[in-house]
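Colleague: I am new to this structure, and I would like to understand the words used to describe it. Could you show it to me and take me through the reasoning?

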Amino acid sequence: MCLEGKDGLAKLPMASSQELLEELVRTELDSDDVTIALAAGSNKGDNYIGVVFRAQAECRRTGKKLNIIVKLPPQNEARRNQFFARPSFEREISFYTEIYPMMAELQREKGINLAADEGSEAFIQIPHCYRTCLVEFEEAILMDDLKDLGFEMFDRHQEQKLGHFELVMKTLGRLHALSFALKDQHPERIAPYKDMVELFTTKENDASMDQWFSMLITRTMETLDQESEPEVYEKTKKALDGNFFDMIKELTAGKLAEPYAVICHGDCWNNNMLFKHENGIPVDIRLLDWQICRYASPVLDLMYFIFTASTKAFRDQHYEALLNVYHQSLSEFLRRLGSDPEKLFPRKALDEQLQSFGRFGLLMAVMLLPVITTKSEDVPDLEEMAEKMESGADVSVEVHNFRSESTEAIYREKMIGCCRDMIRLGYI
């Protein structure tokens with residue numbers, strides 16, 4: 001086996017992960033006579049909880065190729081702790097090895113073809129996972145390199161088109177429909193996942209995280225003009241007043257969303273979605289990074305994506321239509337799975353869930369918009385930041401540095417628009 005690499009990277013940083021990769025390559029290519037070339041798999045600012053590598057393997061005898069993404073936890077101990085790497089990898093591995101197989105089994109029982117064909121009626125919009133490792137400090141996930149299959153990450157500094165949003169809504173509708181069908185037909189299968197711990201709360205006693213969120217809220221309020229828009233200012237201030245972790249716990253509590261709670265993706269922002277385009281039109285999608293997968297209200301996924309990816313002008317034109325696309329997709333797939341959407345999740349129930357949990361979109365905008373609107377070259381050093389947080393040092397500079405001068409106006413526009421819409425829609 002011949003190992004190659006770019007920028008001096010000939011092997012993965014952990015020996016156990018390297019062995020796992022080599023075993024996978026030998027098995028899939030059915031040969032020991034292979035080359036493996038390694039390279040960094042993402043750009044600065046694209047990933048926070050995991051570190052991604054791209055492995056390109058080729059059998060020298062047959063020419064057969066295999067392209068793999070290797071996802072590992074950060075090697076820096078402080079970053080590992082501050083970004084809750086261990087529970088995140090446990091959750092994502094559980095999704096690939098337990099939760100999705102449960103969803104796939106239900107689809108097969110209903111005669112649904114799980115072949116990865118564009119236009120498929122199934123929920124198959126995830127990467128194929130080859131191998132995982134749950135050994136502490138050696139966690140690893142090896143999966144398809146979707147770039148090789150024509151999928152690409154949308155530039156988060158550009159505004160997605162209506163077609164992207166519709167594709168996301170249709171896909172989330174199918175994902176959520178599977179939970180409703182399982183609860184209806186096989187409640188014993190989904191029962192073990194109703195008590196998944198909300199991963200945000202694993203850091204609720206961390207003073208540095210509380211400081212981080214408080215400063216993000218301060219930055220949000222600085223975008224609002226109390227004199228010209230007193231209602232927006234006061235209602236946003238009231239909605240964000242209190243302990244951030246308490247708000248997260250309340251909004252992500254599956255019990256409070258029953259009987260409509262589902263298994264959610266949990267981290268629905270731009271960088272966790274890859275699109276395939278034809279003539280500039282999005283025709284297929286894959287959802288990545290299931291590390292914050294949760295059991296909660298289905299609207300959390302919708303609010304997370306819509307209010308971090310769109311502008312107010314876009315929502316003014318398309319918001320209600322996107323909700324209709326989502327609910328129609330969910331209803332059609334639920335019927336295909338053999339359950340009645342009017343009984344399990346009528347449109348009225350979606351509207352009620354939005355009123356109860358819609359303000360989750362504001363919390364995610366507060367957290368994510370600084371990240372989304374910061375250019376890669378301006379992202380602060382995550383390991384240095386994590387070490388400061390770990391030691392209890394002041395991280396105000398790091399929070400401040402999650403911004404780019406050239407995109408600051410975009411951040412302000414999106415944040416102000418989010419607050420205005422939260423009030424217009426009656427969510428805060």
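Modeller: What follows is a set of questions about two helix pairs and two residues, and the model shown is a predicted one.

Colleague: Why is helix 4 called roughly antiparallel to helix 10?

Modeller: Helix 4 and helix 10, the latter spanning residues 299–309, pack at an angle of about 165 degrees with their axes 11 Å apart. Angles over 145 degrees count as roughly antiparallel, and therefore helix 4 is described as roughly antiparallel to helix 10. The crossing of this pair, helix 4 and helix 10, is right-handed.

Colleague: Which residues of helix 4 and helix 10 meet?

Modeller: From helix 4 come Phe-165, Val-168, Met-169, Leu-172, Leu-175 and His-176, and they meet Asp-301, Leu-302, Phe-305, Ile-306 and Ala-309 of helix 10. Sorted by kind, the residues of this contact between helix 4 and helix 10 are 9 nonpolar, 1 polar and 1 charged.

Colleague: What makes helix 8 and helix 14 oblique to each other?

Modeller: The axes of helix 8 (residues 244–251) and helix 14 (residues 360–372) come within 11 Å and cross at roughly 135 degrees. Roughly antiparallel needs an angle over 145 degrees, while roughly perpendicular covers 65 to 115 degrees; the value for this pair fits neither class, and therefore helix 8 and helix 14 are oblique. Their crossing, that of helix 8 and helix 14, is left-handed. In this contact, Phe-244, Met-247, Ile-248 and Leu-251 of helix 8 meet Phe-360, Leu-363, Met-364 and Met-367 of helix 14, and the residues divide into 8 nonpolar, with no polar and no charged ones.

Colleague: How do you know whether Lys-183 is buried or exposed?

Modeller: Lys-183, which is found in helix 4 (residues 162–185), has a relative accessible area of 17%. Buried means under 20%, so Lys-183 counts as buried. The side chains of Lys-183 and Glu-258 are joined by a polar contact of 2.9 Å. Leaving aside neighbours within four places in sequence, Lys-183 is in contact with several residues, among them Pro-259, Tyr-260 and Tyr-295.

Colleague: And why is Thr-223 called buried?

Modeller: Thr-223 lies in the loop between helix 6 (207–222) and helix 7 (230–239). Its relative accessible area, that of Thr-223, is 4%, and since the cut-off for buried is under 20%, Thr-223 is therefore buried. A polar atom of the Thr-223 side chain lies 2.6 Å from the backbone oxygen of Thr-220. Not counting residues up to four places away in sequence, Thr-223 touches Tyr-411, Arg-412, Met-415 and Ile-416.

Methods: Residues numbered from 1 in each chain as written. Predicted model: local features only at pLDDT ≥ 70, side-chain atom pairs only at ≥ 80, totals over all residues. Heavy atoms only, no water. Axes fitted to C-alpha atoms, helices over the stretch in contact; angles between N-to-C directions. Helix = DSSP H or I, 4+ residues; strand = E, 2+ residues; numbered from the N terminus. Parallel < 35°, antiparallel > 145°, perpendicular 65-115°, else oblique. Left-handed = near helix turned anticlockwise from the far one by under 90°. Contact = heavy atoms within 4.5 Å. Nonpolar A, V, L, I, M, F, W, Y, C, P; charged D, E, K, R; others polar. Buried < 20%, exposed > 50% of the residue type's maximum accessible area, 1.4 Å probe, protein only. Polar contact = N/O pair within 3.5 Å; in protein donor to acceptor, adjacent residues only side chain to side chain.
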